[in-house]
Amino acid sequence: MPELPEVEAARRAIADNCLGKKINRVLIADDNKVIDGISPSDFQKSVLGKTIVSARRKGKNLWLELDSPPFPSFQFGMAGAIYIKGVAVTKYKRSAVKDSEEWPSKYSKFFVELDDGLELSFTDKRRFAKVRLLENVLTLILLAFFTKLDLVVAYWMFVLLQPVSVRPISELGPDALLEPMTVDEFAKSLAKKKITIKPLLLDQGFISGIGNWIADEVLYQARIHPLQTASSLSKEQCEALHTSIKEVIEKAVEVDAESSQFPSNWIFHAREEKPGKAFVDGKKIDFITAGGRTTAYVPELQKLSGKDAEKAAKAKPAKRGGAKSKEDDEEEELEKEDDSAKPKNQKPKGRGKKPALKRKTKDSEDEDDDADGEEDESDAEEEVVKPRGRGTKAAIKKKPEEKAGNKKPKGRRS
């Protein structure tokens, strides 16, 4: 999933290549799950002929400031990505769009051609992204300069001036890169939180821009267990976590989110290995669920303390590396997909089997891509439920008379 470094890499690519250029052509996908709150034709009319003035970001959200509002904004979801034709934009593995595919991609949701011929596309194969229009220019100014305003005044200006569709951005916590808390502010904030630290870091209302891999990384670097209660962290642990957030994000942004350039001692490089085969610096990585997400940590270095340790000692051992969240299943499946072949080859197989019983065989590619990540479970069910399932013909033809079926030659000849 794209997190702050990936979105910042996209913003920088736009800033380096698209500013000062006029939008001559616009194509908006007819996909109301991604294109939020406006028809494709109205969206097109709202941006056509305007000039891109700047590219801005808050947390995992990106928007293009044009010479007049409204402005297109992009919430990247699970696999949203910015592509600029002829420009090397960092491609994180889950964007799932290859150079060999048609241009613009069939997964493109927002496509513009600029007056110098440059073409930009926002794609999303999984359809969890949101593309919106920000209506109020003052809102954007407030977003950009939030930390320079009195907190209470800024909050009420956000609430009163923004349209409903923009409020998810206004409710984001301080940007982890642009608006870092001081160590004291961070420690005081953690002291008030009675939840475990991993879910808190994933809460975009607390700090915006941190997702699953960054949360795992900063906790590992700070030597903090992901299930430690935030309010129980010592001053030293708060300082270590504050430092690791700063260092991890700055390094990832410095290399434009190119993961091959991440330091070799990061847990990132092994967090997707199978349980029992994942190691970092020679130490075993274990997997648990925290905040609804599969979480990688090193038990030898990240230990629970205080009441959290006592609770863990009394509790039954959790299953590790087994159960995964719906979002994790989607991410893992996305990694394995062969983009050039799967949309065609997938239909007769596991994907969409259950929907096929209701919709027959006319599931669209978008419906397939929006599957809930539980295809493996539907495979097991298919053989029992579908009358024409593979390998089940004999059993289904004569359910109550399976054993006697072979003894009735008359039935075959009649």
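**Exercise 1. Find what the side chain of Glu 3 meets in this predicted model, and state which backbone nitrogen lies 2.9 Å from one of its polar atoms.**

Solution. Step 1: the backbone nitrogen of Gly 211 lies 2.9 Å from a polar atom of the Glu 3 side chain. A polar contact is a pair of N or O atoms within 3.5 Å; within protein, one must be able to donate a hydrogen and the other to accept it, and residues adjacent in sequence count only if both atoms are side-chain atoms.

Step 2: Glu 3 lies in the segment before helix 1 (4–17). Helices (H or I, at least four residues) and strands (E, at least two) are DSSP runs, numbered from the N terminus.

Step 3: Glu 3 is buried and has no salt bridge; Lys 60, the nearest side chain of opposite charge, is 5.7 Å away. Buried means under 20% relative accessible area, exposed over 50%, and partly exposed in between (1.4 Å probe, protein chains only). A salt bridge is a side-chain nitrogen of Lys or Arg within 4 Å of a carboxyl oxygen of Asp or Glu. For charge, Lys and Arg count as positive and Asp and Glu as negative, while His and the chain ends are not counted.

Step 4: not counting residues up to four places away in sequence, Glu 3 touches Lys 60, Gly 209, Ile 210, Gly 211, Asn 212, Trp 213 and Ile 214. Contact means heavy atoms within 4.5 Å.

Conventions: residues are numbered from 1 along each chain as its sequence is written, and side-chain values use heavy atoms, with hydrogens and water left out. In this predicted model, local features need pLDDT of at least 70 and side-chain atom pairs count only at pLDDT 80 or more, whereas totals for chains, interfaces and linings use all residues.

**Exercise 2. Describe the surroundings of Glu 119, a buried residue without a salt bridge.**

Solution. Step 1: place Glu 119 in strand 7 (residues 119–123).

Step 2: look for the opposite charge. The nearest such side chain is that of Arg 25, 4.1 Å away.

Step 3: look for a polar partner. The side chains of Glu 119 and Trp 103 make a polar contact at 2.5 Å.

Step 4: list further contacts. Beyond four places in sequence, Glu 119 is in contact with residues including Tyr 83, Ile 84, Lys 85 and Phe 111.

**Exercise 3. Locate the cis peptide bonds at Pro 70 and Pro 104.**

Solution. Step 1: Pro 69 and Pro 70 are joined by a cis peptide bond with omega about 5°. Pro 70 is in the loop between strand 3 (61–66) and strand 4 (71–75).

Step 2: the bond from Trp 103 to Pro 104 is cis as well, with omega near -10°. Pro 104 falls in the loop between strand 5 (81–84) and strand 6 (108–114).

**Exercise 4. Arg 127 has a positive phi, and so does Asp 281. Is each residue buried or exposed?**

Solution. Step 1: phi of Arg 127 is near 65°. Arg 127 sits in the loop between strand 7 and strand 8 (130–134), and with a relative accessible area of 12% this residue is buried.

Step 2: phi of Asp 281 is near 50°. Asp 281 belongs to the loop between strand 9 (279–280) and strand 10 (283–284); at a relative accessible area of 55%, Asp 281 is exposed.

**Exercise 5. State which parts of the chain are tied together by the salt bridges Arg 12–Asp 256, Arg 132–Asp 36 and Asp 216–Arg 271.**

Solution. Step 1: the count is 16 salt bridges. In one of them, Arg 12 meets Asp 256 at 3.9 Å, N to O. Arg 12 lies in helix 1 and Asp 256 in the loop between helix 9 (235–254) and strand 9, so the pair ties together parts 244 residues apart in sequence. Arg 12 and Asp 256 also belong to a network of salt bridges with Glu 8, Arg 11, Arg 57 and Asp 175.

Step 2: Arg 132 and Asp 36 have their closest N and O atoms 2.8 Å apart. Because Arg 132 is in strand 8 and Asp 36 in the loop between strand 1 (23–28) and helix 2 (40–47), this bridge ties together parts 96 residues apart in sequence. Arg 132 is buried at 12%, whereas Asp 36 is partly exposed at 25%.

Step 3: Asp 216 and Arg 271 meet at 2.9 Å, N to O. Asp 216 lies in helix 8 (residues 212–222) and Arg 271 in the loop between helix 9 and strand 9, so the parts tied together are 55 residues apart in sequence. Asp 216 is buried at 0% relative accessibility, and Arg 271 is buried at 13%.
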